[in-house]
Amino acid sequence: LLWKESWELAKNPMASRGSPLHTPRIKLIEKAQNLFAETKEHVFESKAAEEHARLLRMQHELEVSTKQPIFVDSSISDTIRTCIVLGNHRAALRVKTEFKVSEKRWYWLKVFALATIRDWDALEKF
Amino acid sequence: MAQIPNLQNGPINLTPIRDQSQKELITILKNIRGKKCLVIDQKLGGSLSLIVQTSVLKEHGAELLYLNEDPLETTCTKVVYLVQTQLHLMKFISSHIHNDNSKGLQREYFLYFVPRRGVACEKLLEDEKVHNLLTIGEFPLYAVPIDEDILSFELDSSYKECVTDGDTTSLWHIAKAIHKLEFSFGLIPNVRAKGKASVRVADMLNRLQAEEPVSSTDTGVPEINTIIILDRELDMVTPMCTQLTYEGLLDEFLHINNGAVEIDASIMGANQQDGKKMKVPLNSTDKLFRETRDLNFEVVVQVLRQKATSMKQDYTEMQTTNQTVSELKDFVKKLNSLPEMTRHINLAQHLSTLTSKPSFLGRLDMEHTIVEAESYDICLDYIEEMIHKQEPLVSVLRQLILLSVTNAGLPKRNFDYIRREILHSYGFEHIATLNNLEKAGLVKKQEGKSNWLLIKRALNLVVEDTDTTNPKDVSYVFSGYAPLSIRLIQHAIRSGWRPLEEILKLLPGTHTESKRSAFANGTLDTLPGGSHMDKVQDGRRSLVLVVFVGGVTFAEISALRFLSSQEGMAYDIIIGTTKIINGNTLTETFLEKLG
């Protein structure tokens, strides 16, 4: 029952996709995280929910600082790519360390992103 | 060329099935006098296009519309809804009615459920306070003949509903469809089923027979001798592999829907570049397609080349020598096949450009490595790289399912790692999809040792040096891998499943083999008993109906056609399926759409 409840909670915030009220969404996800955490079998789900909440916070900050509403609801990889495309390497690095993105994935993302903006010089350098 | 296939040349004449459905539909329309607007849901529209031509519907005074959330745009005062029994469709209908009411429009509403009414749907209509405004009926469409040897029950997500939602409504639907078939072709005396769902279908079939018996006196000798019912769950490896037959590849790349593909007109040699789509029908009425659909694609290219060369030769002969009238006639006859030639050369060319891409070849290579199940780490790395490159999620999941199924799951460490990478790359909303796949046992934590290697060896699934030009074995459809499902059918037909007991135990679910008497009380057993190789009196081969619960791929259909074309084969095979699937469409049913 507990399990079901937490699933519905986890689905709930996504159903309200696109709503400008981010804070209640994050709260909901955190609640789901705690519910997942109550049983032993759902460590993974709990962790994912926790990361999701953190990601949304970060994306929110990024949207405020760049004034572009393009971050929320994209994945971690997409967020990193967007950052690099926008030339904001510091932010990209921050997302990378925050979510412990592996070096392998990081390089793929960087190559793709640099290729998108045709920044061949940077591509060569790295 | 018509999209509705000609059914008369098949091993069994399925025309009565289609005619009956057509008649029932027309009766519905006739009973509603005057002009009316027929509103159907998009999904059903596809199935209906295989049963009746739109012109026929128009003759009966019907204007056709597709059901969606927009308010109705029609001048008709009578509206007929013809929809599948699904909740979200009910919402559209009630919003239509509310919309009309608010505008003060007076209309008569008729609602026909396909194939039968559902309590939940009617409850929703009651809650919306529109139930009393509707005249409700049923249109019992249980099976649609896709081609002369294929019946589809048109249950798209049956597999997912059974394995993740625990919803087994579709099983009843399948049993009902088979039972309906028995009314036309006689009681099927031998029943074999393997897998949880299939055994239940077999049980239900017996119950239906007890309730509403098909008596053998009405129909004479049963036309179908044996039915083999298989769960898709038994063999999830095959649908996840890329099909390499002509029809299979067409489906993988262009997605064949209701016996036709929709593609850019420019591929078909049209000059305009405006991205216009055109529909190309693909069924056995097209002689050239009939000849090539089941061949390995490599061979198809050769066949087409040969035909083109011989045609060119004929043409040059035409110009140089004097012809007699009969020779001229022959030549013109050959010219008639020209449109078919061009069509398939265009299609084949398009496929060739796609299949020669390194990414495609790499994927094939990986599939074979996974099926061989010898180098697990390489496969895992490959999938990891796919995720990092953010390739389409469905292709990633397809490979992942393949890897998980052949290894009885992934070790916990890898399992969590891959899941985390997927969530990071594609977004956290996909956790629901991953949960569905885990529940279905398709991508899961490793439990115990995998018996895939054992099964693979016992059933000889990986065949070295397969000759695709002159195939001797069904493994040609995947260039070296013989589908597990087909091997099971081969054994079932040849010798029954008893010698295979040990292997069957390794696969999920129980199995049953039973004989049924045409008489409900079971005292008389006048039917040709279950012995193999018995032939129907008039020298025709007896028929086996193979039913796939959860869908079948074109490659498997080709393999079955290949089997029945073999010498020394005592049976013709026809196929029943919940839906024709490929790895992508099957995986897509598990994707949870959020938001």
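# Exercises on a predicted two-chain model

Of the 126 residues of chain A, 40% count as buried. The model is a predicted one, and the exercises below treat its two chains, their interface and several individual residues of chain B.

## Exercise 1. Chain A

Task: Describe the secondary structure of chain A, its contacts and its exposed surface.

Solution.

Step 1. Chain A contains seven helices and zero strands. Its pattern along the sequence is accordingly written α-α-α-α-α-α-α.

Step 2. Consider next the contacts in chain A that have a separation of 6 or more: 44% of them join residues 24 or more positions apart.

Step 3. The area exposed by chain A is about 7,300 Å², and carbon and sulfur atoms supply 57% of that area.

## Exercise 2. Chain B as a whole

Task: Determine whether the radius of gyration of chain B agrees or disagrees with that of a compact globule, and describe the chain further.

Solution.

Step 1. For 595 residues, a compact globule would have a radius of gyration near 25 Å. The value for chain B is 26 Å, and therefore it agrees with that expectation.

Step 2. The C-alpha trace of chain B spans about 75 × 70 × 65 Å along its principal axes.

Step 3. The secondary structure of chain B consists of 25 helices and 14 strands. Of its 595 residues, 55% count as buried.

Step 4. Among contacts in chain B with a separation of 6 or more, 78% are between residues 24 or more positions apart.

Step 5. Chain B exposes about 26,100 Å², of which carbon and sulfur atoms supply 51%. Its charged side chains number 65 positive and 76 negative, and the centres of these two sets are 2 Å apart.

## Exercise 3. The interface

Task: State how many residues of each chain are in contact across the interface, and identify which residues of chain B lose the most area to chain A.

Solution.

Step 1. On the side of chain B, 24 residues are in contact with 26 residues of chain A.

Step 2. The two chains bury about 2,300 Å² between them, with 60% of this area on carbon and sulfur atoms.

Step 3. The residues of chain B that lose the most area to chain A are H388(B), H424(B) and F428(B); together they account for 29% of what that side buries.

## Exercise 4. I227(B) and R192(B)

Task: Classify I227(B) and R192(B) as buried or exposed, and place both residues in the fold.

Solution.

Step 1. I227(B) belongs to strand β9, residues 224–231 of chain B. Its relative accessible area is 0%. The cut-off for a buried residue is under 20%, so I227(B) is buried.

Step 2. Leaving aside residues up to four places away in sequence, I227(B) touches I178(B), I188(B), N190(B), V191(B), R192(B), L545(B) and V547(B). One of these contacts, R192(B), is located in strand β8, residues 190–194.

Step 3. R192(B) has a relative accessible area of 11%, and so it is buried by the criterion of under 20%.

Step 4. Two C-alpha separations complete the description. I227(B) and Y571(B) are 344 residues apart along the chain, with 12 Å between their C-alpha atoms. R192(B) and A210(B) are 18 residues apart along the chain, with 18 Å between their C-alpha atoms.

## Exercise 5. T292(B) in its helix

Task: Establish where T292(B) is found and which residues it touches.

Solution.

Step 1. T292(B) is part of helix α12, which covers residues 287–292 of chain B.

Step 2. Its relative accessibility is 1%, and therefore T292(B) counts as buried.

Step 3. With residues up to four places away in sequence not counted, T292(B) touches Y246(B), V300(B) and V303(B).

## Exercise 6. Backbone features in loops

Task: Locate the backbone features at P115(B), E154(B) and H255(B), and state which of E154(B) and H255(B) is buried and which is partly exposed.

Solution.

Step 1. V114(B) and P115(B) are joined by a cis peptide bond with omega of about -5 degrees. P115(B) is in the loop between β4 (108–114) and α5 (119–127).

Step 2. E154(B), a residue other than glycine, has a positive phi near 55 degrees. This residue is in the loop between β7 (150–152) and α6 (158–165). With a relative accessible area of 9%, E154(B) is buried.

Step 3. H255(B), likewise a residue other than glycine, has a positive phi near 60 degrees. H255(B) is in the loop between α11 (246–254) and β10 (260–264). Its relative accessible area is 34%, so H255(B) is partly exposed.

Key: Residues are numbered from 1 along each chain as its sequence is written. Chains are lettered from A and ligands numbered from 1 in the order in which they are written. This is a predicted model: local features need pLDDT of at least 70, side-chain atom pairs count only at pLDDT 80 or more; totals for chains, interfaces and linings use all residues. Side-chain values use heavy atoms; hydrogens and water are left out. Helices (H or I, at least four residues) and strands (E, at least two) are DSSP runs, numbered from the N terminus. Buried means under 20% relative accessible area, exposed over 50%, partly exposed in between (1.4 Å probe, protein chains only). Contact means heavy atoms within 4.5 Å. The radius of gyration is taken over C-alpha atoms; the globule rule is 2.2 Å times the number of residues to the power 0.38. Accessible areas come from the Shrake-Rupley method with a 1.4 Å probe; for residues, only the protein chains shown count as cover. Lys and Arg count as positive and Asp and Glu as negative; His and the chain ends are not counted. The place of a charge is taken as NZ of Lys, CZ of Arg, CG of Asp or CD of Glu. Buried area is the accessible area (1.4 Å probe) that two parts lose on being put together, summed over both.
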